[in-house]
Amino acid sequence: MKRRQFIAMIGGAAAAAWPLVARAQPSDGMRRIGVLTNYSGSDPVAEEWLAAFRNGLEALGWHVGRNIQIDYRHAAGNADRLAAFAKELVASQPDVIFAVTTPAVAALLRETHTIPIVFAQVSDPVGSGFAASVAHPGGNVTGFTDINIEASIGGKWLELVTQIAPAVRRAIMIYNPPTAPFAGYFLRPFEAAGATHKVQTRAAAVDSDADIETALGTLAREPGGGFVVMPDAFTNIHRDRIVALAARYRLPAVYPFRWFVDIGGLLSYGIDTDDMFRRAASYVDRVLKGEKPADLPVQGPTKFELVVNLKTAKALGLQVPQPLLVTADEVIE
């Protein structure tokens, strides 16, 4: 089956400064949306997400150059750049800011508690202090979390590792602490699942390509190793390196998003991110029409997808169980 084709990104014009306090329609008819991500502006995956977001806006009647302007800032995983871009966007006083990733929301909240912020790809908004509760956020922030609100899927990822590679007896979860302050939300169920599946589990904090190579090289020194990748901006940005090292060291791995599998990863289970970004546009629409983030409940994902790469499984000498093949949303051959 063919991999998903990326949607071309449609750029936005720079936002002009308009006071939020008045909340009045600008005289030129334009509404201003700021966008802050922790990815690179040239990352094709980020481009696809933002195209889905813009498509969602268009479906609701918002068109760039006609009645909205969008001012994009991409920090590419750099904390200093993220802080500077957050300050810039807040200073421009847009009508609403769309923030992608937990660090992006945190950076914005250091600058404003009045400008409405709608987020996507945030794993634990309540635990991160962004919202008082899921049902009643209570502040200037709301949006769409990228995990089940009721329970983490950290344990499910380990289960999938053992399903596709029954010989795994040691597993690590790779993540970057600065871009994953929510790490415990995934690590706790991952470690708890270790006892159930008779697998020794360990957290593996990484902060560079060298760290990734050290973590996976060490894991591969003995047989029975496998790993899980936590969803955070760092691991997403370094996906090519992680997938290449998994192939080099012949390690089975489960990834949080399908684009890891598109480039050769073994298996992924996670949310349909395009769907999440299209849904996020509905909250931006509601804010632009006068609703407050405090009154808009945080929403969880509605679509999940399981993707298996048979070519990679064959290269690793793995026989994919029939139940996985039957339940997979896509099988790459």
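1. In which sense do strand 3 and strand 4 pair, and over how many bridges? Strand 3 (residues 96-100) runs parallel to strand 4 (residues 117-122), and 4 bridges join the two. Within this pair, A99 lies opposite F119 of strand 4. Note that the model is predicted.

2. The wider sheet comes next. It is open and has 5 strands, in the order 2-1-3-4-5, with parallel pairing. The edges are held by strand 2 (68-74) and strand 5 (141-145). Each has a single partner strand, so one side of each lacks a neighbour in the sheet. On average, neighbouring strands are turned by 20° against each other, direction ignored.

3. Helix 2 (residues 79-91) packs on this sheet. It touches strand 1 (31-37), strand 2 and strand 3. The direction of helix 2 makes about 170° with that of strand 1. Since angles over 145 degrees count as roughly antiparallel, helix 2 and strand 1 can be read that way.

4. Helix 2 also meets helix 3 (residues 102-109). Their axes come within 9 Å and cross at roughly 55°. Helix 2 is therefore oblique to helix 3. The crossing of the two helices is right-handed.

5. Which residues form the contact between helix 2 and helix 3? From helix 2 come L82, A86 and V90. From helix 3 come P103, A104, A107 and L108. By class, this contact has 7 nonpolar residues, with no polar and no charged ones.

Note on methods. Residues are numbered from 1 along each chain as its sequence is written. This is a predicted model: local features need pLDDT of at least 70, side-chain atom pairs count only at pLDDT 80 or more; totals for chains, interfaces and linings use all residues. Side-chain values use heavy atoms; hydrogens and water are left out. Two strands pair if DSSP finds at least two bridges between them. Axes are lines fitted to C-alpha atoms, for helices over the stretch in contact, and angles run from 0 to 180 degrees between N-to-C directions. Contact means heavy atoms within 4.5 Å. Angles under 35 degrees count as roughly parallel, over 145 as roughly antiparallel, 65 to 115 as roughly perpendicular and the rest as oblique. A crossing is left-handed if the near helix is turned anticlockwise from the far one by less than a right angle, and right-handed if clockwise. Ala, Val, Leu, Ile, Met, Phe, Trp, Tyr, Cys and Pro count as nonpolar, Asp, Glu, Lys and Arg as charged, and the others, Gly among them, as polar.
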